[in-house]
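Open the model in your viewer and keep the selection panel at hand. This tour goes stop by stop: what to pick, then what is there.

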There are 2 protein chains.
Amino acid sequence: MPKQVDHHERRESIAHALWRVVDQHGWARATMREVAREAGVSLGQLQHYFSSRAEMLAFAMEFASEQTSRRVSRSLRSLDQPPHPRDVLRVVLTEMLPLRPDSRATSRMNAAYVLEAMHDPSLRQQIGLGLRDGRAMIETLIREAMSQGHIRSDCDPIIETDLVLALTGLVPLLDLDVIEPQAALAAIDQHLDRLFAPAS
Amino acid sequence: MPKQVDHHERRESIAHALWRVVDQHGWARATMREVAREAGVSLGQLQHYFSSRAEMLAFAMEFASEQTSRRVSRSLRSLDQPPHPRDVLRVVLTEMLPLRPDSRATSRMNAAYVLEAMHDPSLRQQIGLGLRDGRAMIETLIREAMSQGHIRSDCDPIIETDLVLALTGLVPLLDLDVIEPQAALAAIDQHLDRLFAPAS
């Protein structure tokens, strides 16, 4: 199915163009016209792939989240096998933080995405599904760690999952230079140390 | 100085109009024209008070943050005196969460504000100052609680401050209905219980 592949590749190259526009000029300036210019296609061609700005953003975010998943998988494979659940959570959390060169654009797009989602039911559903999937994955990890004795059995796995997810609150602090990357990593380590502390 | 007062009142009433537009239609639709209409003034009059959308947003956020400070002060006065530092932190944290009727608009404006700030140096400076002030206030609270023996003396006050600030990561989870308000409060209580746990 070469046509299918082309279609997907073209969408990915448009997502990259959107990324560059958002990184350089911000989401507010990322019009369909501007992205078409950056991607080297006509506005009509762009509209053939994406019928709206919101749809383009939704695809770009899905693509970014696939790439994050791939980075997480790669980092997980480099851990001792089987990996300690603390190391797994640390990889997941550090991959969520804007510590990489491409992460500034991703952060900005994510902020735009959450903002648009508050008023766009289909974006809202997409982002909700993604967040619930991520939440379920972390809760499974925490429950397994509890059953293996790595986390105290009197912890509430639901509350602990929400607290791990809440650490994404470090993202805007990093983006706005309120804290340094080293401080964010130290905060994550402190939280994980406490979560994985032996029963006293 | 009645003219000064009028000027300030008019700016506040415009901020309220912006709030309503953002709550009903989202930030993307909150143009100067739309806000002028909602505030019942002409576009020219609006431009007399705010020269740009970004300036209007900056004022609305400053005003929202003043109102939050007032709510925090009111809640703090209702605590036993002198209040326990755990209760003080709980008040500050719960006031940051979108648990009130007016909080949906504030959350949306805040998301818009962070997004604009990533590209607007003066907004970036304003939001950075606000966050650093908030951070300093929480760090002072934590250092005092440590010196009074409420928090273990082997804690790192900087890391603990960043972890408390990171709990703002619960805000988008609440806004997007990924978690319920009760779950967010339970997460805050669990974090504070652990922070204020006696030395083992």
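**Stop 1: the interface**

Select the residues of each chain that touch the other, where contact means heavy atoms within 4.5 Å. You should get 46 residues from chain A and 46 residues from chain B. This is a predicted model, in which local features need pLDDT of at least 70 and side-chain atom pairs count only at pLDDT 80 or more, while totals for chains, interfaces and linings use all residues. Residues are numbered from 1 along each chain as its sequence is written, chains are lettered from A and ligands numbered from 1 in the order in which they are written, and side-chain values use heavy atoms, with hydrogens and water left out.

The size of an interface is often given as the accessible area lost when the parts come together. Here the buried area (accessible area, 1.4 Å probe, that two parts lose on being put together, summed over both) is about 3,800 Å² between chain A and chain B. Carbon and sulfur atoms give 70% of that.

Now look for charge pairs. Chain A and chain B share four salt bridges, each a side-chain nitrogen of Lys or Arg within 4 Å of a carboxyl oxygen of Asp or Glu. Pick Glu160(B) and Arg194(A), one of the salt bridges: their closest N and O atoms are 2.3 Å apart.

Next, show polar contacts (a pair of N or O atoms within 3.5 Å; within protein, one must be able to donate a hydrogen and the other to accept it, and residues adjacent in sequence count only if both atoms are side-chain atoms). Ten residue pairs across the interface of chain A and chain B qualify, both residues at pLDDT 80 or more.

Colour chain A by helix (DSSP runs of H or I, at least four residues, numbered from the N terminus). On the side of chain A that touches chain B, at least two residues come from each of α1 (2-25), α6 (103-117), α7 (121-147), α8 (157-166), α9 (170-175) and α10 (181-195). Then colour that side by class. It has 26 nonpolar, nine polar and eleven charged residues. Nonpolar covers Ala, Val, Leu, Ile, Met, Phe, Trp, Tyr, Cys and Pro; charged covers Asp, Glu, Lys and Arg; the others, Gly among them, are polar.

**Stop 2: a bridge between chains**

Select Asp177(A) and Arg124(B). Their side chains meet in a salt bridge, 2.7 Å from N to O. The pair crosses from the loop between α9 and α10 of chain A to helix α7 (residues 121-147) of chain B. Buried or exposed? Relative accessible area (1.4 Å probe, protein chains only) decides: buried is under 20%, exposed over 50%, partly exposed in between. Asp177(A) is partly exposed at 47%. Arg124(B) is partly exposed too, at 24%.

**Stop 3: helix α8 of chain B**

Select Asp162(B), in helix α8 (residues 157-166) of chain B. Asp162(B) is buried, at 2% relative accessible area. What does Asp162(B) touch, leaving aside neighbours within four places in sequence? Leu170(A), Ile179(A), Ala183(A), Ala187(A) and Arg135(B).

Stay in the helix and pick Ile158(B). Ile158(B) is partly exposed, at 40%. Beyond its neighbours within four places in sequence, Ile158(B) is in contact with Arg135(B), Glu139(B) and Arg143(B).

**Stop 4: aromatic rings**

Show the rings of Phe, Tyr and Trp (its six-membered ring). Rings pair if their centres lie within 6.5 Å; planes under 30 degrees apart count as stacked, over 60 as edge-to-face and the rest as tilted. The structure holds six such pairs over all chains. Zoom to Trp19(A) and Phe63(A): centres 5.7 Å apart and planes at 85°, so the pair is edge-to-face. Trp19(A) sits in helix α1 and Phe63(A) in helix α4 (residues 53-77) of chain A, 44 residues apart. Trp19(A) is buried at 8%, and Phe63(A) at 4%.

Add Phe59(A). Its ring and that of Phe63(A) have centres 6.2 Å apart and planes at 10°, so they are stacked. Both lie in helix α4 of chain A, four residues apart, about one turn. Add Phe50(A) as well: ring pairs link Trp19(A), Phe50(A), Phe59(A) and Phe63(A) into a cluster.

**Stop 5: bridges within a chain**

The whole structure has 26 salt bridges over all chains. Select Arg90(A) and Asp189(A), whose closest N and O atoms are 2.7 Å apart. This pair joins helix α5 (residues 85-96) to helix α10 of chain A, 99 residues apart. Extend the selection: Arg86(A), Arg90(A), Asp189(A) and Asp193(A) form a salt-bridge network.

Finish with Glu95(B) and Arg71(B), a salt bridge at 2.8 Å between the closest N and O atoms. Both residues are buried.
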